[in-house]
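Hi,

Here is the structure I said I'd pass on. Have a look at it first, and my notes on the salt bridges and one threonine follow underneath.

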Amino acid sequence: MVQEKVRVSTRTLQWKCVEARADSKRLYYGRFILSPLMKGQADTIGIAMRRALLGEIEGTCITRAKSEKIPHEYSTLVGIQESVHEILMNLKEIILKSNLYGTCDASICIRGPGYVTAQDIISPPYVEIVDNTQHIASLAEPIDLCIGLQIERNRGYLIKTPNNNFQDGSYPIDAVFMPVRNANHSIHSYGNGNEKQEILFLEIWTNGSLTPKEALHQASRNLIDLFIPFLHTEEENLHLADNQHTVPLPPFTFHEKLTKLRKNKKKNSIEIDFY
């Protein structure tokens, strides 16, 4: 059971993981609560967290495959049961996790007969395959299958276009970088009148490349980083010229701002404690 506290003014907010399970290698589930919140705050936080969970967290995918023996995407190869298009779709389903920045290369080189799975991918040590059993192709004859792969870390969607097809046997693959498959929030209200308070429930499903708790932490850090510029009143240098304000906002990281908030606890009304 995980529990942390955040003290805002005279209220102490607590978040807790009330349920966590791994339904499979490719599906993790977590349920969290945050309370007590004032009326309206739960919906504000829930909407922001859901958008951050689905759109602000990076994932790793195969984005391109290359083989000199492939004439076009919808061709078939002698000795292979699947068409080239089916092989590309199977590569799209492979789930990866990494600390990669940008892109890197990987490859498949295997001789049949037999089944080709994600376990046969030769990748850099900083790229991990979540489910090694993911099927790629079935080789019915003693032939060689060699495919070059491009792996990329990004966020959101990457949709291939006809202009991305090249004549050198290199084919783009639609990529869904989002490690969070779904996120929901619900609200429970209690109390009466002006004393009414709320509990926020967050449900998170991930693809196994990270846990729901890790996703929650990453989404929270990303949201904080987005709002930090608005907290830089003490660092702003305001210049008035022709009734215009020039406000230089130097970039600050989450940890830098958190350190400053802790140092200025007595001057500010926000106090954050981690237990």
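Let's start with Asp-144 and Arg-111, whose side chains meet in a salt bridge with an N to O distance of 3.1 Å. That pair links distant parts of the chain, with Asp-144 in strand β11 and Arg-111 in strand β6 (residues 103-111), 33 residues apart. Keep in mind that this is a predicted model.

How exposed are the two partners? Arg-111 counts as exposed because its relative accessibility is 51%, and the cut-off for that word is over 50%. Asp-144, with a relative accessible area of 39%, is partly exposed.

Strand β11 (residues 144-154) turns up again in another pair. Arg-153 forms a salt bridge with Glu-58, and here the closest N and O atoms are 3.1 Å apart. Arg-153 lies in β11 while Glu-58 sits in the loop between α1 (41-55) and β4, so this salt bridge ties together parts that are 95 residues apart in sequence. Glu-58 is partly exposed, its relative accessible area being 30%.

Next, a little cluster for you to click through: Glu-19, Arg-21 and Asp-23 are linked in a network of salt bridges. Within that network, Asp-23 pairs with Arg-21, and their closest N and O atoms are 2.8 Å apart. Both of these residues are partly exposed: Asp-23 has a relative accessible area of 42%, and Arg-21 has one of 37%.

As for why such pairs show up at all, side chains of opposite charge can pair when their charged atoms come close. How many salt bridges does the count come to? The tally is seven salt bridges.

Now for the threonine. Thr-60 is found in strand β4, which covers residues 59-66. Is Thr-60 buried or exposed? Its relative accessibility is 5%, so Thr-60 counts as buried, the limit for that being under 20%. The side chain of Thr-60 also has a polar partner: a contact of 2.8 Å joins it to the side chain of Ser-98.

Which residues does Thr-60 touch, leaving out those up to four places away in sequence? They are Leu-96, Lys-97, Ser-98, Ile-151, Glu-152, Arg-153 and Phe-177. Two of those names have come up already: Ser-98 is the polar partner of Thr-60, and Arg-153 is the residue that forms a salt bridge with Glu-58. If you only open one spot in the viewer, I'd go for that one.

Cheers

Key:
Residues are numbered from 1 along each chain as its sequence is written. This is a predicted model: local features need pLDDT of at least 70, side-chain atom pairs count only at pLDDT 80 or more; totals for chains, interfaces and linings use all residues. Side-chain values use heavy atoms; hydrogens and water are left out. Helices (H or I, at least four residues) and strands (E, at least two) are DSSP runs, numbered from the N terminus. Buried means under 20% relative accessible area, exposed over 50%, partly exposed in between (1.4 Å probe, protein chains only). A polar contact is a pair of N or O atoms within 3.5 Å; within protein, one must be able to donate a hydrogen and the other to accept it, and residues adjacent in sequence count only if both atoms are side-chain atoms. Contact means heavy atoms within 4.5 Å. A salt bridge is a side-chain nitrogen of Lys or Arg within 4 Å of a carboxyl oxygen of Asp or Glu.
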